[in-house]
Amino acid sequence: MLKDGAFADYQVKTDKDSGVFDVYSGDSLIASFKDDGQGSFSLSDNPGNADDDLQRRMIEQLKGFSA
């Protein structure tokens, strides 16, 4: 993950205290993940058709955002 909240070719955006993390590639939403507050994330939207492997890798990276 990079300092600006990006990992590799992806940018993570979230609204404060929303618990939902949107992952973008450029201007395209790839997937949204919901933080369960226990350090785990679940897929809540998948408009970019991210495959299971990519979803798992994104979730691992998102754990750095979990409170």
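Let's start with Asn 49, which sits in the loop between β5, residues 41–45, and α1. One thing first: what you see above is a predicted model. Back to the residue. Asn 49 has a positive phi of about 50°, although it is not a glycine. Is this residue buried or exposed? Asn 49 is exposed, with a relative accessible area of 64%.

Now look at another loop. Asp 17 is found between β2, residues 10–13, and β3. Its phi is near 65°. That is again a positive value in a residue other than glycine. As for the surface, Asp 17 is exposed, and its relative accessible area is 75%.

Next, the hairpin. Strands β4 and β5 pair in the antiparallel sense. How many bridges do they pair over? The pairing runs over four bridges. Take Lys 34 as an example: its bridge partner in β5 is Ser 42. Between the two strands of this hairpin there are five residues. Gly 37 takes a positive phi there, near 80°.

Stay with Gly 37 for a moment, and bring in Asp 35. Asp 35 lies in strand β4. What does its side chain reach? It reaches the backbone nitrogen of Gly 37, at 2.8 Å. Here is the other point about Asp 35. It is buried, yet it has no salt bridge. The nearest side chain of opposite charge belongs to Lys 34, and that is 7.9 Å away. A salt bridge has to be within 4 Å.

Last stop, the inside. Nonpolar side chains tend to be buried together in soluble globular proteins. In this model, the largest nonpolar core has twelve residues. Find them on the structure as I read: Val 12, Phe 21, Val 23, Ile 30, Ala 31, Phe 33, Phe 41, Ala 50, Leu 54, Met 58, Ile 59 and Leu 62. Which elements each supply at least two of these residues? They are β3, residues 20–25, β4, residues 28–35, and α1, residues 52–62. The helix α1 gives the most to this core, with four residues.

Pick one core residue, Ile 59. Set aside its neighbours within four places in sequence. Then Ile 59 is in contact with Phe 33 and Phe 41.

To recap. Asn 49 and Asp 17 are the exposed loop residues we began with. Asp 35 is buried without a salt bridge. And the largest nonpolar core takes four residues from α1. Thanks, I'm done.

Definitions and conventions
Residues are numbered from 1 along each chain as its sequence is written. This is a predicted model: local features need pLDDT of at least 70, side-chain atom pairs count only at pLDDT 80 or more; totals for chains, interfaces and linings use all residues. Side-chain values use heavy atoms; hydrogens and water are left out. A nonpolar core is a set of buried Ala, Val, Leu, Ile, Met, Phe, Trp, Tyr and Cys residues joined through side-chain atoms within 4.5 Å. Buried means under 20% relative accessible area, exposed over 50%, partly exposed in between (1.4 Å probe, protein chains only). Contact means heavy atoms within 4.5 Å. Lys and Arg count as positive and Asp and Glu as negative; His and the chain ends are not counted. A polar contact is a pair of N or O atoms within 3.5 Å; within protein, one must be able to donate a hydrogen and the other to accept it, and residues adjacent in sequence count only if both atoms are side-chain atoms. Two strands pair if DSSP finds at least two bridges between them.
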